[in-house]
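Reader: I'd love a close look at one part of this model, the surroundings of the ligand and the annotated residue beside them in your notes. Could you set that part in the context of the whole chain for me?

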Amino acid sequence: MSKAIGHSFSCVAGRCGDNARAAIRLAFHDAGTFSLELQANALPNGGADGSILTDPNEVLRSENNGLQNIVRLLGPLPTPAWLSRWFIYHNHPSQLAGVLAVLACPGGPQIPALVGRPPPKNVAPDGLLPNPEQPVAELTARFADMGFSIRELMALIGAHTTGKQRFVDPAKANSTFDTTVDIWDTRFYSSTDLNRPGTLKLESDANFAVDATTTADFNRFIGNQANWASEYAAAHEKMSLLGVDVTDLTDCSEILPLSIDITTLTVASTGGGKPATDPLVDPVKLEAAIQQFRSIWLVPQ
Ligand code: HEM
């Protein structure tokens with residue numbers, strides 16, 4: 001088991017870099033193919049079963065563009081039959097890597113690490129992952145079919161705090177969704193400036209911020225890191241269990257490193273005035289915290 005965990009740790013590499021953000025998106029693209037309607041009709045379903053890692057074609061779908069590299073890194077390793085009782089989840093650590101990746105981003109909360117997933121029953125059904133051009137009502141309905149409320153969806157979408165895009169507007173490849181892409185902060189919710197250089201807002205995220213059905217739940221996280229972290233962690237745990245029998249799993253959460261509390265790392269106040277909604281994190285204090293709390297995990301740069 002420790003070998004499998006070590007594999008996921010080394011892929012994510014302890015920093016909020018491109019592998020970490022891809023691993024968070026991968027966890028969603030694995031789980032987000034789950035459908036309550038398919039389940040009710042006993043049809044082949046998706047879910048957090050690792051099929052995106054084990055099926056050679058699923059990751060080639062256009063909706064999974066950008067995930068091919070992390071799939072190659074996390075992909076199946078040969079498992080001797082006699083060891084498969086313990087190593088079976090090694091073939092699809094997509095959810096474990098997602099949990100580690102959130103923690104690799106300073107400010108990211110601990111989410112229970114539940115491992116030991118049986119092999120996927122089938123390739124995930126196609127066409128169930130959301131795209132940013134869909135209207136809000138379609139997106140909230142799709143997440144409701146996964147089992148998420150609007151409030152949970154608004155907490156989950158905050159994962160874009162650490163995201164970049166490459167395929168929505170290839171001319172602006174690597175533009176980020178907020179100005180602090182390497183920190184798990186609430187700036188994604190508050191950054192309403194659509195024209196800031198180097199950033200790009202997805203149409204769906206811009207719509208969530210203002211649509212009558214989502215605006216209150218979207219904006220309630222602004223400046224409320226602790227509240228968002230706990231609601232995000234609960235929603236992400238639920239996501240990591242979609243379509244999975246939790247009684248099959250082993251809770252391995254004791255292996256998780258501590259979360260880095262970014263609210264203690266802000267630039268010293270200059271005094272006077274109202275506190276900033278999103279105080280700036282001091283890069284020197286941040287690096288010191290990474291070195292202190294991630295020392296075992298960090299790979300040499
Ligand atoms: C309405 C729902 C969602 C839509 C429409 C959406 C759409 C997208 C798109 C278009 C990208 C950019 C892909 C690219 O061009 O490279 C992206 C990136 C990303 N998404 Fe989402 N997403 C949604 C929900 C989520 C959820 C629920 C999570 C996780 C819990 C998530 C995590 C991420 C991350 C971390 C990235 C950045 C990946 C990277 O930088 O490599 N997304 N998303």
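Author: Of the 301 residues in the protein chain, 41% are buried. The model is a predicted one, and its pLDDT averages 89 over the protein chain, with 88% of the residues scoring at least 70. One stretch deserves some care: residues 85-90 have a pLDDT below 50, although the model gives this stretch 14 contacts beyond near neighbours in sequence. The protein chain holds 14 helices and 4 strands. Among its contacts with a separation of 6 or more, 73% join residues 24 or more positions apart.

Now to the part you asked about. The ligand is surrounded by 23 residues, and the closest are Arg 21, Arg 25, Ala 159, Gly 163 and Phe 167. Three elements each give two or more residues to this shell: helix 2 (18-31), helix 9 and strand 2. Helix 2 supplies the largest share, with 5 residues. Sorted by class, the shell has 12 nonpolar, 7 polar and 4 charged residues.

What does the UniProt record add here? The unreviewed entry carries a "binding site" annotation that covers His 160. His 160 sits in the loop between helix 9 (150-157) and strand 2 (164-165). Is His 160 buried or exposed? His 160 counts as buried because 22 C-beta neighbours lie inside 10 Å, and the cut-off for buried is 20 or more. Beyond its neighbours within four places in sequence, His 160 is in contact with Phe 177, Phe 188 and Asp 205.

Helix 9 can be followed a little further by way of Phe 218. Phe 218 belongs to helix 12 (residues 215-219), and Met 154 is 64 residues away from it in sequence, yet the two C-alpha atoms are 5.3 Å apart in space. Phe 218 is in contact with Met 154, and also with Tyr 189, Phe 208 and Ala 209, leaving aside neighbours within four places in sequence. With 23 C-beta neighbours inside 10 Å, Phe 218 counts as buried.

Let me turn next to the nonpolar interior. In general, nonpolar side chains of soluble globular proteins tend to be buried together. Here, the largest nonpolar core has 65 residues, and those touching the most other members are Val 12, Ala 23, Leu 26, Ala 97, Leu 100 and Ala 101. Not counting residues up to four places away in sequence, Ala 23 touches Cys 11, Val 12, Ile 70, Ala 97, Gly 98 and Ala 101.

Helix 7 (residues 94-104) is largely enclosed by the rest of the structure, because 11 of its 11 residues are buried. Among these buried residues are Ala 97, Gly 98 and Ala 101, which also appear among the partners of Ala 23. Ser 94 and Gln 95 are on the buried list of helix 7 too.

Leu 73 shares a partner with Ala 23. Leu 73 touches Cys 11 and Asn 19, not counting residues up to four places away in sequence, and Cys 11 is one of the residues that Ala 23 touches. Leu 73 lies in helix 5 (residues 68-74) and counts as partly exposed, with 18 C-beta neighbours inside 10 Å. Its C-alpha atom is separated by 8.9 Å from that of Ser 8, which is 65 residues apart from Leu 73 along the chain.

For contrast, here are some places on the exposed side. Glu 133 is found in the loop between strand 1 (114-115) and helix 8 (136-146). Glu 133 is exposed, as 11 other C-beta atoms lie within 10 Å. The C-alpha atoms of Glu 133 and Asn 207 are separated by 9.8 Å, with their positions 74 residues apart along the chain.

Finally, two backbone details may catch your eye. Ala 42 has a phi near 55°, a positive value in a residue other than glycine. Ala 42 lies in the loop between helix 3 (36-40) and helix 4 (51-54), and is exposed, with 7 other C-beta atoms within 10 Å. Asn 174, which is not a glycine either, has a positive phi of about 75°. Asn 174 is in the loop between strand 2 and strand 3 (175-176), and counts as exposed, with 11 C-beta neighbours inside 10 Å.

Definitions and conventions
Residues are numbered from 1 along each chain as its sequence is written. This is a predicted model: local features need pLDDT of at least 70, side-chain atom pairs count only at pLDDT 80 or more; totals for chains, interfaces and linings use all residues. UniProt positions are given in the numbering used here, feature names are shortened, and annotations may be inferred rather than shown by experiment. A residue is buried if 20 or more other C-beta atoms lie within 10 Å of its own, exposed if 12 or fewer, and partly exposed in between; C-beta atoms are placed from the backbone. Two residues are in contact if their C-beta atoms, placed from the backbone, lie within 7 Å. A residue is near a molecule or strand if its C-beta atom, placed from the backbone, lies within 6 Å of it. Ala, Val, Leu, Ile, Met, Phe, Trp, Tyr, Cys and Pro count as nonpolar, Asp, Glu, Lys and Arg as charged, and the others, Gly among them, as polar. A nonpolar core is a set of buried Ala, Val, Leu, Ile, Met, Phe, Trp, Tyr and Cys residues joined through C-beta atoms within 7 Å. pLDDT is the predictor's confidence in each residue, from 0 to 100.
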